[in-house]
Amino acid sequence: MEETNKAERKIKVEGDNLDPKEQQAEACTAQNDDTRDQKAGDEAQDEAQTDGAETAAGQSKESKTPLEEAQEQVARLKDQLLRTAAEFDNYKKRTLKEKTELILNGGAKAITAILPILDDFERALADTSDDPAAIKEGTRVIFNKFLKTLESLGVKKMEVDGRDFDTDYHEAIAMVPGMGDDKKGKVIDCVQTGYTLNDKVIRHAKVAVGQ
């Protein structure tokens, strides 16, 4: 006991003999040690709380009732349904707009192709020539140009002379008797030319049929 007191007095004396700056440094060192110890303790406590929260969340997730799981699934499916319905509604609006534009502007290509022929007619009308042959030739040139333009648009003239009568393409407006067996049921004459558009009949040919 006496030796311990002597050691404490010795330490105290040595401390009293330290320079004030050294005493201050030792005090700061001791304070820093205390701060580190406290910080380490706080971090350990926070980590323990975090682990506890994660464990509780996991237990809560695992402990969901079938009703809660079903409600979550219904909510997800409802959200998907609403999104799909919105996308389909936008698709219908876009399709309707495109269809309307096609109806309004679908004839632009045909009209643009025909306009040069209209120009030819205007020049023909402005011509003051009195030569019937020249006028006929000019008309024939414009007519052939018009036919080629129609063909470029998919319009074709039906060839019906001598063909078997077919109600899919022909409209009989007259029956011609006494034409013989080889002409029976055949197209004898075409009164009005028929046309197809991309192989679809747009006007039936009006014909006379042998009987």
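In this predicted model, Asp79 has a relative accessibility of 38% and counts as partly exposed. The exercises below start from this residue.

**Exercise 1.** Determine which residue forms a salt bridge with Asp79 and how the pair is placed in its helix.

*Solution.*
Step 1. The partner is Arg83, and the closest N and O atoms of the pair are 3.0 Å apart. A salt bridge requires a distance within 4 Å, so the pair qualifies.
Step 2. Both residues lie in helix 3, which covers residues 66-105. Because they are four residues apart there, about one helical turn separates them.
Step 3. For the class of Arg83, the cut-off is needed: exposed means over 50% relative accessible area. Arg83 has 55% and is therefore exposed.

**Exercise 2.** State which residues are joined with Asp120 into one network of salt bridges, and describe each link.

*Solution.*
Step 1. Arg123 meets Asp120 in a salt bridge with an N to O distance of 2.4 Å. The two are three residues apart in helix 4 (residues 108-126), which means that about one helical turn lies between them.
Step 2. Accessibility is then assigned. Arg123 is exposed, at 54%. Asp120 has a relative accessible area of 13%; buried means under 20%, so Asp120 is buried.
Step 3. Lys145 also forms a salt bridge with Asp120, the closest N and O atoms being 2.9 Å apart. Lys145 belongs to helix 5 (residues 132-152) and Asp120 to helix 4, so this pair ties together parts that are 25 residues apart in sequence. Lys145 is partly exposed, at 35%.
Step 4. Through shared partners, the salt bridges join Asp120, Arg123 and Lys145 into one network. The structure holds seven salt bridges.

**Exercise 3.** Identify the residues of the largest nonpolar core and the strand that gives the most to this core.

*Solution.*
Step 1. The general tendency is recalled: in soluble globular proteins, nonpolar side chains tend to be buried together.
Step 2. The largest nonpolar core here has six residues, namely Met158, Val160, Val187, Ala205, Val207 and Val209.
Step 3. Strand 6 (residues 205-210) gives the most to this core, with three residues.
Step 4. Leaving aside residues up to four places away in sequence, Val160 touches His170, Val187, Cys190, Ala205 and Val207.

**Exercise 4.** Describe the protein as a whole: how many helices and strands are there, and what share of residues is buried?

*Solution.*
Step 1. The protein has five helices and six strands. Along the sequence, the pattern is α-α-α-α-α-β-β-β-β-β-β.
Step 2. Of the 211 residues, 9% are buried.
Step 3. The protein exposes about 17500 Å², of which carbon and sulfur atoms supply 54%.

Conventions
Residues numbered from 1 in each chain as written. Predicted model: local features only at pLDDT ≥ 70, side-chain atom pairs only at ≥ 80, totals over all residues. Heavy atoms only, no water. Buried < 20%, exposed > 50% of the residue type's maximum accessible area, 1.4 Å probe, protein only. Areas by Shrake-Rupley, 256 points an atom, 1.4 Å probe, with all protein chains shown as cover. Core = buried A, V, L, I, M, F, W, Y, C linked by side-chain atoms within 4.5 Å. Contact = heavy atoms within 4.5 Å. Salt bridge = Lys/Arg side-chain N within 4 Å of Asp/Glu carboxyl O.
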